[in-house]
There are 4 protein chains.
Amino acid sequence: MEQNTDGAQPHDRQSSPDGGSAEPIRTNFMSDNVGTVSPEILAALAQANVGEAPAHGADSWTRRLEARVAEVFEAEARVFPVATGTAANALALSALSPPWGAILCDESAHINRRECGAPEFFTGGAKLWPIPSADGRMEAGLLASAVADLSAGGARLSRPAALSLTQATEWGTVYTLEHLVELTALAHEAGLSVHMDGARFGNALAHLGCSPADMTWRAGVDVLSLGATKSGALSADLIVMFDLSLAEDMERRIKRSGHLWAKQRFLSAQLLAWLENDLWLRNARHANEMAGRLARGLARHPAATLPFDTQGNEVFAVLPELLVEGLEAAGFVFLRRTAPPGVTGTLVRFVTGHDTRPQDVDALLEALAGTTE
Amino acid sequence: MEQNTDGAQPHDRQSSPDGGSAEPIRTNFMSDNVGTVSPEILAALAQANVGEAPAHGADSWTRRLEARVAEVFEAEARVFPVATGTAANALALSALSPPWGAILCDESAHINRRECGAPEFFTGGAKLWPIPSADGRMEAGLLASAVADLSAGGARLSRPAALSLTQATEWGTVYTLEHLVELTALAHEAGLSVHMDGARFGNALAHLGCSPADMTWRAGVDVLSLGATKSGALSADLIVMFDLSLAEDMERRIKRSGHLWAKQRFLSAQLLAWLENDLWLRNARHANEMAGRLARGLARHPAATLPFDTQGNEVFAVLPELLVEGLEAAGFVFLRRTAPPGVTGTLVRFVTGHDTRPQDVDALLEALAGTTE
Amino acid sequence: MEQNTDGAQPHDRQSSPDGGSAEPIRTNFMSDNVGTVSPEILAALAQANVGEAPAHGADSWTRRLEARVAEVFEAEARVFPVATGTAANALALSALSPPWGAILCDESAHINRRECGAPEFFTGGAKLWPIPSADGRMEAGLLASAVADLSAGGARLSRPAALSLTQATEWGTVYTLEHLVELTALAHEAGLSVHMDGARFGNALAHLGCSPADMTWRAGVDVLSLGATKSGALSADLIVMFDLSLAEDMERRIKRSGHLWAKQRFLSAQLLAWLENDLWLRNARHANEMAGRLARGLARHPAATLPFDTQGNEVFAVLPELLVEGLEAAGFVFLRRTAPPGVTGTLVRFVTGHDTRPQDVDALLEALAGTTE
Amino acid sequence: MEQNTDGAQPHDRQSSPDGGSAEPIRTNFMSDNVGTVSPEILAALAQANVGEAPAHGADSWTRRLEARVAEVFEAEARVFPVATGTAANALALSALSPPWGAILCDESAHINRRECGAPEFFTGGAKLWPIPSADGRMEAGLLASAVADLSAGGARLSRPAALSLTQATEWGTVYTLEHLVELTALAHEAGLSVHMDGARFGNALAHLGCSPADMTWRAGVDVLSLGATKSGALSADLIVMFDLSLAEDMERRIKRSGHLWAKQRFLSAQLLAWLENDLWLRNARHANEMAGRLARGLARHPAATLPFDTQGNEVFAVLPELLVEGLEAAGFVFLRRTAPPGVTGTLVRFVTGHDTRPQDVDALLEALAGTTE
């Protein structure tokens with residue numbers, strides 16, 4: 001069972017309570033979107049604030065962003081910056097599925113469970129077609145039989161139109177390149193386009209250590225939602241279309257959904273700074289390291305179980321309820337999720353960010369160690 | 001795996017091939033919508049074709065239909081006749097869920113799997129939230145935990161808005177009244193409205209032998225889609241709203257979806273004739289009897305297994321693939337469905353109708369007996 | 001100002017009040033949808049009610065309908081029968097315009113003013129872009145400048161996607177073939193597809209005396225909504241696609257909007273009977289003749305003015321309010337419309353049908369003559 | 001005729017080309033969204049970038065913003081910050097009109113002509129019902145007759161649901177308070193809610209010199225779209241709901257349209273800084289002054305005509321085409337609009353911003369003076 005405890009912490013932590021020079025311990029592990037903006041990105045906003053610039057994306061920052069993406073991904077691509085991950089996902093999917101299409105995805109996918117119907121809204125009513133899995137990574141056999149079922153129904157059933165894969169997954173795991181290729185090949189063979197929800201793309205990339213191209217178009221991905229907001233941006237995600245034919249009409253899709261910024265230079269400048277000098281990879285690697293540190297610490301705790309591999313920046317643990325409450329009493333903030341059937345204890349999620357520090361992780365582990373069941 | 005074999009039969013059977021007085025054997029068990037219109041209903045159309053009548057539902061047939069429904073269901077209700085079951089379901093659901101709502105239903109539900117996104121279209125993007133079951137009848141525990149999950153997510157998740165129950169279910173089973181009450185009580189407590197997909201309502205009613213009121217508003221149903229098309233009508237289903245407050249704006253919903261008939265008398269006249277003199281119950285009982293005859297015959301076959309109870313007019317059987325092909329070769333038409341995991345053989349569905357005759361059923365059983373594996 | 005007086009008449013007229021053999025005078029001139037079904041069409045329903053037929057359009061009546069349309073229109077075309085004109089129009093338009101498209105039409109068009117947002121619903125939000133006219137017939141110059149305005153706006157404005165022409169128009173006038181060609185040529189040059197709302201197509205055809213091909217594809221029409229309901233059918237209109245490429249996905253559009261009839265043979269059989277033996281043309285010619293008789297009679301009345309040419313089966317007249325009230329007091333039913341600015345009197349509309357008789361028209365004229373201002 | 005010349009200028013002007021200390025002349029009068037962010041707002045972003053903050057609007061900046069709005073508008077109100085004016089307008093309207101509603105607005109309204117169908121998208125298909133006017137300010141008589149027409153049509157026509165007024169209008173004019181009250185009273189009497197598109201609200205306020213309360217809820221406005229992006233913000237507009245009952249479900253509307261920022265503090269902080277210390281009013285007043293300077297200069301030019309009063313920060317002029325081309329050749333950037341029928345010359349629009357300087361205006365006027373016809 002999920003609990004919406006975002007508002008549960010007593011106050012924003014804007015200043016050091018002890019008045020000293022040390023920053024206070026960060027106790028909020030709710031998500032990677034509770035943290036700060038990387039200083040390089042704020043600086044880029046100030047640098048972009050000089051004189052006039054054509055509105056609505058006709059500016060030079062957007063042009064440079066497109067060039068930088070081509071360089072990073074070793075491919076020509078059309079890019080569309082938007083302010084949120086939900087917008088990036090839903091807009092991308094709307095280009096892949098007609099209103100009478102089915103979008104196949106893992107049952108746990110954010111687009112299926114946690115976006116309040118945004119994909120249905122933007123696509124004009126397409127069906128999310130969920131496929132169950134053990135750890136957020138879809139099995140090829142189940143994908144194949146779902147596609148076969150839909151296709152056999154003819155024109156009275158939704159047309160299987162798109163496959164959406166989440167990398168890293170909602171359970172903190174990461175698809176291997178082989179697994180990605182297996183799924184996308186199956187999809188393409190059946191005429192589906194492939195979307196990747198990369199809200200934590202950088203974390204997955206850092207885990208696999210491969211190139212951005214390897215994990216996207218070389219692996220059969222047609223459109224990527226590349227998330228920067230969770231990894232240091234103020235508010236910026238990027239739709240990257242490797243299949244250029246899908247980009248037609250995207251400007252009107254974006255305009256009519258209110259996602260076209262008049263002063264788009266300030267959206268593109270964020271993403272440009274994030275992709276320059278490998279800031280995005282440094283931020284992702286750091287968050288992953290902090291998650292690893294936390295996972296190792298939890299694994300040492302006798303009462304904790306880690307149901308999933310920690311491969312990105314999300315750590316899941318099953319803990320006795322009393323320990324969970326003890327952590328909360330100590331001021332730590334994190335998400336409770338539905339425990340798998342048959343599991344005793346409480347399933348919790350900790351997310352680390354680009355600005356999580358070792359002492360923050362250690363403070364949580366110490367608080368846990370100090371809590372008696 | 002489902003196969004779209006609707007078009008597979010060689011030709012329509014409009015006349016007796018032997019030129020004799022006997023009607024030919026009916027070999028099409030694909031669905032209860034391949035059959036004929038009850039003569040009483042055709043006659044009612046002719047009787048309604050006299051002189052002028054106000055358009056768009058202001059006619060006297062519609063008024064009499066509303067009165068007859070009140071009588072049959074022992075309750076005041078608003079009724080909205082439409083031509084198809086998909087329209088009845090999707091329009092009804094659009095009155096129960098906002099675009100950001102979730103509609104909880106059995107995973108097998110027609111609205112979830114077989115309406116090409118109609119509920120999503122009419123609701124403006126609501127999410128169907130499927131709950132797995134063994135035989136099409138939802139377990140209360142799983143409903144409760146789905147509602148709890150959604151509610152815990154707060155305003156960033158779809159709002160649990162409606163429960164939709166299919167009676168009889170897609171697997172030919174029928175909820176008991178106690179089961180219905182258990183589910184609707186749970187739904188109402190959590191603030192959800194309750195819809196019943198009654199495409200085969202008459203068949204379920206005939207099975208339970210209870211009153212229409214018992215199986216609807218007394219059991220907690222707010223809105224019913226009452227299907228006549230599958231049971232003798234030309235093309236007519238009826239939205240019955242027991243919760244009168246939901247009826248506001250229904251006329252505009254119907255108009256803007258193209259479902260308002262100018263000459264509505266011809267829609268209402270069908271339903272009136274169907275509900276008069278218990279034609280609807282006679283049709284349903286007969287179809288159930290034919291299904292029972294078929295089920296008993298199949299159960300006697302050594303190679304056949306019936307995975308579900310036959311409680312309405314749908315019979316499911318697992319047969320060796322060679323026998324299935326033998327039936328098809330003999331000219332019989334029916335649906336293949338995905339076999340449950342671990343089951344050896346082919347899952348097929350036979351549907352009987354108000355105009356299926358004993359000799360039609362027996363001919364199928366004989367053909368099966370004569371087919372060697 | 002329009003008044004919704006559909007329900008104003010005291011009762012349906014189902015039987016002769018005097019018990020004699022003569023049918024009573026028909027006093028309802030509200031619309032051509034208050035009348036009866038042609039006997040040939042009812043007979044066709046009965047003839048189609050023989051044995052099984054594959055569902056959802058795989059039946060032989062639908063195949064014969066397609067063949068008959070090809071013959072009548074001298075062209076290959078894809079046909080999609082639906083039960084209402086609103087559905088035919090909105091479904092057709094949804095194939096011509098994306099959600100971010102603009103559909104240019106006369107300001108008076110039914111799709112713009114009287115369908116409760118159906119085109120917006122089916123297209124997923126396309127904009128109707130109204131163009132003013134004097135009598136329902138669009139001027140080419142105004143169409144050209146509307147297209148130019150929209151095109152100049154670039155990707156932040158709706159894309160001009162379709163032109164919709166109503167033939168006969170909402171003011172009872174009929175485009176000449178030359179006028180149609182002028183408008184469709186302009187549209188095609190700008191990349192727009194052309195739709196014709198032919199709710200009263202037969203009436204326009206009867207007026208022009210040309211061939212169906214001349215008034216459609218030879219005149220640049222890509223998709224036609226062909227209305228039978230207003231001209232003798234029970235409930236049947238037909239989408240005729242001359243541009244075959246637009247037909248892709250139409251089955252799923254129809255299914256997900258609830259407009260796919262399970263027993264489609266009963267929809268196709270109506271249209272087939274209507275198109276056979278020129279029933280459709282006979283019905284239209286008769287309605288036009290009755291409208292002409294009425295128009296000539298009104299023109300002779302010293303207090304009446306006819307603001308538009310009566311070219312189809314709709315007669316508009318400006319009458320002193322006292323005369324209008326006198327007609328209503330005498331039991332006649334018709335529509336009041338907004339009078340043009342500067343006009344003294346009340347604008348009313350009388351519509352004749354395939355079953356309007358000379359004595360019905362004469363009775364109205366006599367009642368008018370007998371009413372003192 | 002509108003021309004999309006946003007991309008026409010040769011390059012962004014990011015630095016002084018002469019390397020000197022003087023900033024170059026700003027030649028871009030295309031819109032008030034081509035300019036810079038007020039330094040106070042950029043500073044506020046940096047100040048907000050300290051430590052953790054709860055996501056999705058549960059932060060303290062958003063709370064303070066709500067308090068500040070209550071103070072500025074002298075009323076309790078629910079506020080919803082979003083990144084664009086299109087989102088603010090379309091989301092606000094979606095709370096006022098059902099999918100089968102009509103939204104009455106001036107024919108020139110941005111929501112009607114220049115948002116690529118965003119209101120249709122967010123409302124699920126509501127109809128924009130345009131009312132013509134001479135200068136963007138709707139006449140009460142025409143509003144009354146449009147409402148009457150729609151209401152008379154009954155349930156087969158769109159329900160008149162909302163009135164949307166643009167203040168300042170698209171033609172640079174400003175409604176008086178009396179005019180606003182006349183229109184909103186009429187709307188409320190007929191059961192419509194009232195929306196104000198305040199993309200240039202500050203400019204109108206500065207012109208009237210009244211209080212924000214006077215121009216909104218005291219004048220009958222239920223919901224305001226308050227635009228900051230055009231007046232110094234990076235990307236931030238605010239939905240202000242004075243009718244608190246309309247705010248229900250707004251969070252889900254915002255989430256499912258992708259407009260809920262995870263790091264909402266950075267949206268609220270912009271608006272807070274804009275509303276603090278009267279920055280918003282200073283910015284608006286300055287832009288108005290620059291527009292006035294430009295209008296006075298143009299009025300002195302013998303070949304120029306100003307068709308509308310310059311009451312905000314938009315100046316419209318009719319100029320001989322050769323002069324227009326001369327200005328363009330001199331590097332000035334502005335919008336061409338469709339000239340009113342019968343007018344000789346080219347209609348152009350110049351927009352001034354918070355960062356337009358007197359020397360920028362004077363340079364344009366000088367260029368014009370130096371251009372020979």
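## Interface of chains B and C

Between chain B and chain C, 23 residue pairs are in polar contact, both members of each pair being at pLDDT 80 or more. The model is a predicted one. On the side of chain B that touches chain C, at least two residues each come from α1, α2, α3 (85-96), α5 (118-123), α9 (250-256) and α10 of chain B. Helix α2(B) has the largest share of that side, with 4 residues. By residue class, the side of chain B that touches chain C comprises 23 nonpolar, 21 polar and 15 charged residues.

The contact involves 59 residues from chain B and 59 residues from chain C. The two chains bury about 5,300 Å² between them, and 55% of this area lies on carbon and sulfur atoms. Within chain B, the residues that lose the most area to chain C are B:E52, B:F121 and B:K263, which together account for 17% of what that side buries. The count of salt bridges across the interface of chain B and chain C is 0.

## Interface of chains D and A

Chain D places 59 residues in contact with 59 residues of chain A. About 5,300 Å² is buried between chain D and chain A, with 55% of it on carbon and sulfur atoms. D:E52, D:F121 and D:K263 contribute 17% of the area that chain D buries against chain A, more than any other three residues.

No salt bridges are counted between chain D and chain A, whereas 23 residue pairs across this interface are in polar contact, both at pLDDT 80 or more. Two or more residues of the side of chain D that touches chain A are given by each of α1 (39-48), α2 (60-73), α3 (85-96), α5 (118-123), α9 (250-256) and α10 (265-275) of chain D. Among these elements, α2(D) gives the most, with 4 residues. The side of chain D that touches chain A divides into 23 nonpolar, 21 polar and 15 charged residues.

## Nonpolar cores

The largest nonpolar core contains 129 residues, and those with the most contacts inside it are A:L104, A:L163, D:L104 and D:L163. Leaving out residues up to four places away in sequence, D:L163 touches D:L104, D:M138, D:L143, D:L183, D:T184, D:A187, D:L192, D:S193, D:V194 and D:H195. A second core, separate from the largest, has 128 residues and includes B:L65, B:L275, C:L143 and C:A168.

## Helix α10 of chain B and the loop after it

Helix α10 of chain B spans residues 265-275, and 11 of its 11 residues are buried. The buried residues are B:R265, B:F266, B:L267, B:S268, B:A269, B:Q270, B:L271, B:L272, B:A273, B:W274 and B:L275. The elements of chain B that cover them include the helices α1 (39-48), α2 (60-73) and α11 (279-300), together with the strands β1 (78-82), β6 (223-227) and β7 (237-241). One of these helix residues, B:L275, is also included in the core of 128 residues.

After α10(B) comes B:N277, which has a positive phi near 55 degrees. B:N277 lies in the loop between α10 and α11 of chain B. B:N277 counts as exposed because its relative accessibility is 65%, and the cut-off for that class is over 50%. The C-alpha atom of B:N277 is separated by 46 Å from that of B:S151, the two residues being 126 residues apart along the chain.

## Helix α8 in chains D and A

In chain D, helix α8 covers residues 201-208, of which D:F201, D:G202, D:N203, D:A204 and D:L205 are buried. The cover over the buried residues of α8(D) includes α2, β5 (193-198), β6 (223-227) and α11 (279-300) of chain D. D:G209, just after α8(D), takes a positive phi of about 70 degrees.

In chain A, helix α8 (residues 201-208) contains A:N203. A:N203 counts as buried because its relative accessibility is 5%, and the cut-off for that class is under 20%. Apart from its neighbours within four places in sequence, A:N203 is in contact with A:A284, A:A287, A:N288, A:Q311, A:G312 and A:N313.

Definitions and conventions
Residues are numbered from 1 along each chain as its sequence is written. Chains are lettered from A and ligands numbered from 1 in the order in which they are written. This is a predicted model: local features need pLDDT of at least 70, side-chain atom pairs count only at pLDDT 80 or more; totals for chains, interfaces and linings use all residues. Side-chain values use heavy atoms; hydrogens and water are left out. Buried means under 20% relative accessible area, exposed over 50%, partly exposed in between (1.4 Å probe, protein chains only). Contact means heavy atoms within 4.5 Å. Buried area is the accessible area (1.4 Å probe) that two parts lose on being put together, summed over both. A salt bridge is a side-chain nitrogen of Lys or Arg within 4 Å of a carboxyl oxygen of Asp or Glu. A polar contact is a pair of N or O atoms within 3.5 Å; within protein, one must be able to donate a hydrogen and the other to accept it, and residues adjacent in sequence count only if both atoms are side-chain atoms. Ala, Val, Leu, Ile, Met, Phe, Trp, Tyr, Cys and Pro count as nonpolar, Asp, Glu, Lys and Arg as charged, and the others, Gly among them, as polar. A nonpolar core is a set of buried Ala, Val, Leu, Ile, Met, Phe, Trp, Tyr and Cys residues joined through side-chain atoms within 4.5 Å.
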